[in-house]
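The exercises below are meant to be worked through with the sequence and the coordinates side by side. Each one sets a task and then gives a solution that goes step by step.

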Amino acid sequence: MRVVISEFMSLDGVVQAPGGSEEDTDGGFAHGGWSHRFFDPEVVGGAFTDALSTAEALLFGRRTWQTMAAAWPERAGDPFADRMNAIPKYVVSGVLDDSKLTWENTRLIPGGEALDRIRELRGAEGGDLLVMGSSALVRSLLGADLVDELRLVIMPVLLGGGKKIFPDDGALRRLELVSSTTSGTGVHVCTYRPVIEG
């Protein structure tokens, strides 16, 4: 399986709470819902529809999974929502247990086993393992070189601080731009893949 990351991102690299004001206020973040004014059904919506169409499973950190689990089941009847609800899902958590996995088709990956279990999934046959949101998890995956594709939906806004996905470990990692599309709202949808050295 390929590990594919799909993120809404500001020009200054912030991925925190693009969907709503109460989504994630950690650190006093006050700009929740910042992505809405730039949404474009064809380019931005199309990027997520395309990513989901090639996914064989979804992978989340706990906070993002809880946000999604509270939203998608009640949207049944919409093709995108039906796919989100039906597809297999994995959630990485050190605090959830199986009794709390109320969103259908969800399996728990214990936090301490996350990188090893994701390496196993990545080595298995199958389509994409798609990660949306989940900034801390994505940072760990990038730091461990477990990402096969990075799809960034870069929006023309500066947020002045907030959660980011990039490791701060001093390592140089080269990426290749494999596609880029621009929406009428000024959003750049860019797909990158790691450059394998040697």
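**Exercise 1: a covered strand and its partners**

Strand β1 is mostly covered, since 8 of its 9 residues are buried, where buried means under 20% relative accessible area, exposed over 50% and partly exposed in between, with a 1.4 Å probe and protein chains only. The model is a predicted one, in which local features need pLDDT of at least 70 and side-chain atom pairs count only at pLDDT 80 or more, while totals for chains, interfaces and linings use all residues. Residues are numbered from 1 along each chain as its sequence is written, and side-chain values use heavy atoms, with hydrogens and water left out.

Task: identify the strands that pair with β1, and give the sense of each pairing.

Solution. Begin with the definitions: helices (H or I, at least four residues) and strands (E, at least two) are DSSP runs numbered from the N terminus, and two strands pair if DSSP finds at least two bridges between them. Next, take β5, which pairs with β1 in the parallel sense over 5 bridges; here Val4 has Leu130 of β5 as its bridge partner. Then turn to β6, which runs parallel to β1 and is joined to it by 7 bridges, with Phe8 standing opposite Val153 of β6.

**Exercise 2: the whole sheet**

Task: write down the strand order of the sheet and find its edge strands.

Solution. The sheet is open and is formed by 8 strands in the order β4-β3-β2-β5-β1-β6-β8-β7, with mixed pairing. Its edge strands are β4 (106–110) and β7 (175–182), each of which pairs on one side only. From one strand to the next, the twist averages 25°, the angles here running from 0 to 180 degrees between N-to-C directions, with axes taken as lines fitted to C-alpha atoms, for helices over the stretch in contact.

**Exercise 3: the surroundings of Val91**

Task: place Val91 in the sheet and decide whether it is buried or exposed.

Solution. Val91 lies in strand β3, residues 89–93, and it counts as buried because its relative accessibility is 0%. Strand β3 pairs with β4 in the parallel sense over 5 bridges, and the bridge partner of Val91 in β4 is Leu108. Val91 also has Arg107 at 6.4 Å, C-alpha to C-alpha, although the two are 16 residues apart in sequence. With neighbours within four places in sequence left aside, the contacts of Val91 (heavy atoms within 4.5 Å) include Phe60, Trp65, Leu101 and Ile109.

**Exercise 4: a helix pair**

Task: describe how α1 and α3 pack, and which residues make the contact.

Solution. Helix α1 (residues 44–53) and helix α3 (residues 79–86) pack at an angle of about 40°, their axes being 11 Å apart. The crossing of α1 past α3 is left-handed, a term used if the near helix is turned anticlockwise from the far one by less than a right angle, with right-handed used if clockwise. On the α1 side the contact is made by Phe48, Thr49, Leu52 and Ser53, and on the α3 side by Phe80, Arg83 and Met84. Helix α3 also lies across β2, β3 and β5, running at about 60° to β3.

**Exercise 5: the largest core**

Task: say which residues touch the most other members of the largest nonpolar core, and which element gives the most to it.

Solution. A nonpolar core is a set of buried Ala, Val, Leu, Ile, Met, Phe, Trp, Tyr and Cys residues joined through side-chain atoms within 4.5 Å. The largest such core has 36 residues, and Val153 and Met155 touch the most other members. Helix α1 gives the most to this core, with 5 residues. Not counting residues up to four places away in sequence, Met155 touches residues including Phe8, Trp34, Phe38 and Val187.

**Exercise 6: two loop residues**

Task: compare the settings of Ser134 and Asp145.

Solution. Most residues other than glycine have a negative phi, and most peptide bonds are trans. Ser134, which is not a glycine, has a positive phi of about 60°, and Asp145, also not a glycine, has one of about 55°. Ser134 sits in the loop between β5 and α5 (135–143) and is buried, with a relative accessible area of 6%, whereas Asp145, in the loop between α5 and β6, is exposed at 52%.
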